[in-house]
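Hi,

Here is the structure I promised to pass on. Have a look at it first, and then read my notes below.

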Amino acid sequence: YMQTKVIHGISMGAATALFSLANGLEKEVRAIVCDSGFMNIDPIFKRQALKIFKAPSLLFIPGLSFWMKLKCGFTISQVNVFKQLHKIDRPLLLIHGTADFFVPYTQSLHLHELFKETKLQLFKDSQHACSVNDNRELYVQTLKEFLF
């Protein structure tokens, strides 16, 4: 008896799910769901540095990257799913709100264009990681159609 697993991540969790593809997923994982995920965090941090962290990206990004290297073993520039696309070998559902201010939904559009084994569901006017709350019925229906 083999148990079937699905990885479902939201925002950073979605990016983590995508990165897990590059590191040899268990064969029991049959699909991945990415809600408000990103392919490359570097431009997101650069755009948001002043808005959220009140620091210019020229100062903030190198400092954060240095701290990440010390604590996590990798830098911001290494957080790039795009470099791992060739390793995607499972069905992938991309969910994104069109009003996402933090991770532009174009990141999911771009991934969908590059990797045709994806299903893309956009939620009109939903902000970052809010699609499930904004339209729970469509969200659940999208998951059911993808998984079954």
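Let me start with the aromatics. Keep in mind as you read that this is a predicted model. Phe102 has a relative accessibility of 19%, so it counts as buried, the cut-off being under 20%. Its partner is Phe101: the two rings form an edge-to-face aromatic pair, 6.4 Å centre to centre, with 75 degrees between the planes. Phe101 itself comes out at 46% relative accessibility, so that ring's residue is partly exposed.

The structure holds two aromatic pairs, and the other one is made by Phe123 and Tyr139. Their ring centres are 5.8 Å apart and the planes sit at 40 degrees, so this pair is tilted. Phe123 is in strand 4 (residues 118-123) and Tyr139 is in helix 6 (residues 136-147), so to speak a link between distant parts of the chain, 16 residues apart. Both Phe123 and Tyr139 are buried.

That brings me to helix 6. It has twelve residues and runs 16 Å from its first C-alpha to its last, close to the 16 Å expected at 1.5 Å a residue. Which of its residues are buried? They are Tyr139, Thr142, Leu143, Phe146 and Leu147. Looking down the axis of helix 6, you find these buried residues within an arc of 115 degrees, so they line one face of the helix. The general background is that an α-helix has 3.6 residues a turn, so residues three or four places apart point the same way. As for what covers the buried residues of helix 6, the list includes strand 1 (5-10), strand 2 (29-35), strand 3 (92-97), strand 4 and helix 5.

Helix 5 (residues 131-134) is where you will find Ser131. This serine has 0% relative accessibility, which is why it counts as buried. Leaving aside residues up to four places away in sequence, Ser131 touches Ile95, His96, Gly97, Phe123, Ser126, Arg136 and Tyr139. Note that both members of the tilted pair, Phe123 and Tyr139, are in that list.

Now for the charged groups. How many salt bridges does a search of the whole structure find? The search finds one. It is formed by Lys124 and Asp125, with the closest N and O atoms 3.5 Å apart. Lys124 counts as exposed because its relative accessibility is 68%, and Asp125 is exposed too, with a relative accessible area of 54%.

Asp125 is worth a second look for its backbone. It has a positive phi of about 70 degrees although it is not a glycine, and its place is in the loop between strand 4 and helix 5. Ser36 is another non-glycine residue with a positive phi, in this case near 60 degrees. Ser36 is found in the loop between strand 2 and helix 2 (41-53). Is Ser36 buried or exposed? With 0% relative accessibility, Ser36 counts as buried, whereas Asp125 at 54% counts as exposed.

On to the cysteines, in case you were wondering about crosslinks. A search of the whole structure finds zero disulfides. Why is Cys72 not bonded to Cys34? The sulfur of Cys34 is the closest cysteine sulfur to that of Cys72, but at 20 Å it is too far for a bond. Cys72 is partly exposed, with a relative accessible area of 41%. Cys130 is in no disulfide either: its nearest cysteine sulfur is that of Cys34, 17 Å away. At 26% relative accessibility, Cys130 counts as partly exposed.

One last spot to look at is Val79, which lies in the loop between helix 3 (57-72) and strand 3. Although it is in a loop, Val79 has a relative accessibility of 8% and so counts as buried. What does Val79 touch, not counting residues up to four places away in sequence? The contacts are Phe19, Phe38, Met39, Asn40, Ile41, Met68 and Phe74. The C-alpha atoms of Val79 and Ala15 are separated by 8.7 Å, with their positions 64 residues apart along the chain.

That is what I have for now.

Best wishes

Methods:
Residues numbered from 1 in each chain as written. Predicted model: local features only at pLDDT ≥ 70, side-chain atom pairs only at ≥ 80, totals over all residues. Heavy atoms only, no water. Helix = DSSP H or I, 4+ residues; strand = E, 2+ residues; numbered from the N terminus. Buried < 20%, exposed > 50% of the residue type's maximum accessible area, 1.4 Å probe, protein only. Contact = heavy atoms within 4.5 Å. Phe/Tyr/Trp six-rings, centres within 6.5 Å; stacked < 30°, edge-to-face > 60°. Salt bridge = Lys/Arg side-chain N within 4 Å of Asp/Glu carboxyl O. Disulfide = S-S within 2.5 Å. Expected span 1.5 Å × (residues − 1). Arc of directions from axis to C-beta.
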